[in-house]
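Got your viewer open and ready? Let's take a walk through this one together, one selection at a time.

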Amino acid sequence: MFGGGYGVGLTVVDRAEPRAAWVPPPPGATRRRTRLSEVLVPELCTEDELVREMRAVADGRAQLAAYEAVVVAELAARRPAQTDLTDDQPGHGVEGWAPTRVPVGVSEFLVDELAMLKGVSLSAATGLAERSLALVRELPATWGALADGLVDEPRANAIVRALAGQSQAAGGQVEPAVVAEVEAQALGWARAGETPVRLQERTAAALIAVDAAAADRRRKKAERAADVRTRPAGDGMSELIADLPTPVAAACRETVDTYARMAKDDGDERSIGQLRALVLSDLILRPWDTSRPPVTAHLQVIAPLGAVGGHSRPSPTTTPDDPDGRPTAGTGRAQSAGLPTDEDAASVDGAPITHQQLRDLLEELDSLCPGGLQAPTGGSLGISLVDPLTGALRATVSRPELQRLVRRGCTDHPGGRCGCPAVDRPPPVDRYTPTPAQRRFLHARDRTCRHPGCRRPAARTDLDHVHAHGDGGPTDCANLCCLCRRHHRLKTHAPGWRFTMTADGVLSVTTPSGVTRTTRPPGLRLTIGQQWPPSRQLVASGARADPPPF
């Protein structure tokens, strides 16, 4: 698999003959399979070859995952729903107590059989059945890309989680052609190196942009299947897992984190993670305890203007005959003029929500705040102004600041309408510490730690100079990004790492082994003729960039 030589291991076994029938080995000898590390010796690899070996492993896992999906789908075809008991037969499943995630047309006991075959939990077996059937029956392009090694298993699973069950062919409400177009766009993001979590969010957002009503139906179906369960984690520990609507889950996590940080600030020496777990159990088991100070969750809501007004962004079918920009018939379906985009959907803490969810959330906030949308007591409200063409963040303002700007108007053109900018990104400053305005802007632009794959909220990160301030890097939004403390320390102290960033916030991180991954601010779009830097490439001297998977 790597340069400098090769090894071949050959084992001939009669598949019809069980191992128990093999001739016993001679005294002092053992019989076992040849290990790959005995045939392919990593100690002989250069760093570039080690990187390629890891890619080869990912490629093999992708092919095995695609093959497993076909095997599970074939087993499911031999376990039809017709073998289950009907409602008029004793012992049938009772609605509200029987499993609700059984794939359509398949016996409810398929997942139990898979759990026995794989030696996994019922929940894990259910997930395997759902992923396998979705890949084979609903998302053939994703299955093909996985089988050919063009995408890896985590990214294929991310697409499945966003699109499974949506097609009319699978009992959903979205036309198969629309799902196929969103799937094609998601595969493009996957091949470009988008992280699995962000890929799932972008794919779900793109589907919402195409058909928000279908996404709402899916959300309600997911809410009906919600549950609370535990999963053993080893060493006497277990995970408590709850399925909740995204805004509720985000508020719960923020509340638990706030109380844990209060305890940490008071001198508790336990780790912040341990404190979060203890706070959660305390809130559940001691709900009558009112000695805790009240806290309010701070959630970042990003909404396209059309969502607040009750409609989506005008589709490519809008014509000059529509002076108000109202979309013509056909809006809500993928148009031949362009694919749907994830920027058309609203989000809460980075996770996409439907327009209806957003309107419900805004109505709840308004009901708490008579006189219009305002920050509730102890909470905060920020307004992010986004460039309509590029999706780049232009400015962040509070509601009072926006009201003052509206009242003041343009000082150069009083009383008239003009195109003069009222607000823009905060200016650079001649000092090391960023200004509060820069901090608000960067938190709104980045939303999380910008290191590839990290999801720590921006409020819990440091503002780091990409080009070090001590080396002449300016304290400017074009040179600052959010990094959690761990990745801030990695950038500053870990040898061989390299960070670069463009003026619009596209961050590229290169590992010591020469692999580069690129992240962009959520919502930032490509303009015509523009290309992102390659998401994952080999840049070490003498290295040759391999084709996907990366």
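Start with helix α3: α2 and α4 are among the elements that cover its buried residues. Before you zoom in further, keep in mind that this is a predicted model.

**Stop 1: helix α3**

Select residues 110–118, the run that makes up α3, and pick out Leu110, Val111, Leu114 and Ala115, which are buried. Now look down the helix axis: the buried residues of α3 fall within an arc of 140°, so they line one face of the helix. Which exposed residues sit on the face turned away from the buried side of α3? Select Met116 and Leu117 and you have them. Step just past the helix and you meet glycine 119, which follows α3 and has a positive phi, near 70°.

**Stop 2: the big core**

Next, go to the largest nonpolar core, a group of 30 residues. Try selecting Leu146, Val151, Ile159, Leu163, Val182 and Leu199, the members that touch the most other members. Colour the helices that feed this core: α2 (47–77), α4 (122–138), α5 (140–147), α6 (153–163), α7 (176–191) and α8 (196–210) each put in at least two residues. Which helix gives the most to this core? That's α7, with seven residues.

There is also a second core, separate from that one, with 13 residues. Leu75, Leu110, Leu114 and Leu133 are included in it. You've already met Leu110 and Leu114 as buried residues of α3. As a bit of background, nonpolar side chains tend to be buried together in soluble globular proteins.

**Stop 3: two residues inside the big core**

Click on leucine 163 and show what surrounds it. Setting aside neighbours within four places in sequence, leucine 163 is in contact with Glu138, Leu139, Val179, Val182, Glu183, Thr203, Leu207 and Arg218.

Move over to one of those contacts, valine 182, which has its place in helix α7. Is valine 182 buried or exposed? It's buried, with a relative accessible area of 0%. Now measure from valine 182 to threonine 203: they are 21 residues apart in sequence, and their C-alpha atoms are 7.0 Å apart in space.

**Stop 4: an arginine over a ring**

Select tryptophan 189 and arginine 202 together. Arginine 202 lies over the face of tryptophan 189, at 4.0 Å from the ring centre.

**Stop 5: aspartate 446**

Jump to helix α15, residues 436–446, where you'll find aspartate 446. Aspartate 446 is buried, with a relative accessible area of just 1%. What does aspartate 446 touch, not counting residues up to four places away in sequence? Show Cys481, Cys482 and Pro522. Look closely at cysteine 482: its backbone nitrogen lies 2.9 Å from a polar atom of the aspartate 446 side chain.

**Stop 6: serine 508**

Now select residues 507–510, which form strand β11, and find serine 508 there. Serine 508 is buried, with a relative accessible area of 11%, so it falls under the 20% cut-off. Add threonine 518 to your selection: its side chain and that of serine 508 are joined by a polar contact of 3.2 Å.

**Last stop: zoom out**

Show the whole protein chain, with its 16 helices and 13 strands. Of its 550 residues, 35% are buried. As for contacts between residues at least 6 apart in sequence, 59% join residues at least 24 apart.

Notes:
Residues numbered from 1 in each chain as written. Predicted model: local features only at pLDDT ≥ 70, side-chain atom pairs only at ≥ 80, totals over all residues. Heavy atoms only, no water. Core = buried A, V, L, I, M, F, W, Y, C linked by side-chain atoms within 4.5 Å. Buried < 20%, exposed > 50% of the residue type's maximum accessible area, 1.4 Å probe, protein only. Helix = DSSP H or I, 4+ residues; strand = E, 2+ residues; numbered from the N terminus. Contact = heavy atoms within 4.5 Å. Polar contact = N/O pair within 3.5 Å; in protein donor to acceptor, adjacent residues only side chain to side chain. Arc of directions from axis to C-beta. Lys NZ or Arg CZ within 6 Å of the ring centre and 35° of its normal.
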